[in-house]
Amino acid sequence: LAGAAVWAIPTAIIKAINALPFALIYKLKLTKSPQRILNKQTAFMTLVSGFVTVFGYLLAEGLMYSFRTAWMSASLSCVQALGSAIIWYIAAAALDKMNFKSKIYKGI
């Protein structure tokens, strides 16, 4: 009702692209510690994911409205990317502390 529905498709695309850097690290076996969720490589990928978020929403808003308004709201995309990274660091560290990844793969 507040206009958020127009962002459903761009958000689905941007969030799917956000997952690609993390998936590529594990698929290409570029991580030094695959048994951990939070490691140097995945920590760096939050930066890549942040750029995807900021520039993805910048492009989407520019195409939907105008690039002038997109640049004005880019700071909000930066806040979203930073907030997501902080939440991910906390969640990944907590899951690593619980040995979550080894418990999941043990059952498979």
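**View 1. Y57 is a buried residue of this predicted model.** The relative accessibility of Y57 is 10%, and the residue therefore counts as buried. The ring of Y57 forms a tilted aromatic pair with W7, with 5.9 Å from centre to centre and 55 degrees between the planes. Distant parts of the chain are linked by this pair, since W7 lies in the segment before α1 (8–27) and Y57 in helix α2, 50 residues apart.

**View 2. W7 also pairs with Y65.** W7 has a relative accessibility of 21% and so counts as partly exposed. In the tilted pair of W7 and Y65, the ring centres are 6.4 Å apart and the planes stand at 45 degrees. This contact again joins distant parts of the chain: W7 belongs to the segment before α1, whereas Y65 is in the loop between α2 and α3, 58 residues away.

**View 3. W7, Y57 and Y65 form a cluster linked by ring pairs.** The model holds five aromatic pairs, among them W7 with Y57 and W7 with Y65.

**View 4. A nonpolar patch of about 900 Å² lies on the surface.** The residues that make the patch are F44, L47, F51, F55, L59, L63, F67 and W71. Two or more of these residues come from each of α2 (40–64) and α3 (67–72). Helix α2 gives the largest share, six residues.

**View 5. F44 is a patch residue in helix α2.** F44 counts as partly exposed because its relative accessibility is 47%, which lies between the limits of 20% for buried and 50% for exposed.

How values were computed
Residues numbered from 1 in each chain as written. Predicted model: local features only at pLDDT ≥ 70, side-chain atom pairs only at ≥ 80, totals over all residues. Heavy atoms only, no water. Patch = residues over 30% accessible without salt bridge, like charges linked within 9 Å, V, L, I, M, F, W, Y side chains within 5 Å. Areas by Shrake-Rupley, 256 points an atom, 1.4 Å probe, with all protein chains shown as cover. Salt bridge = Lys/Arg side-chain N within 4 Å of Asp/Glu carboxyl O. Helix = DSSP H or I, 4+ residues; strand = E, 2+ residues; numbered from the N terminus. Buried < 20%, exposed > 50% of the residue type's maximum accessible area, 1.4 Å probe, protein only. Phe/Tyr/Trp six-rings, centres within 6.5 Å; stacked < 30°, edge-to-face > 60°.
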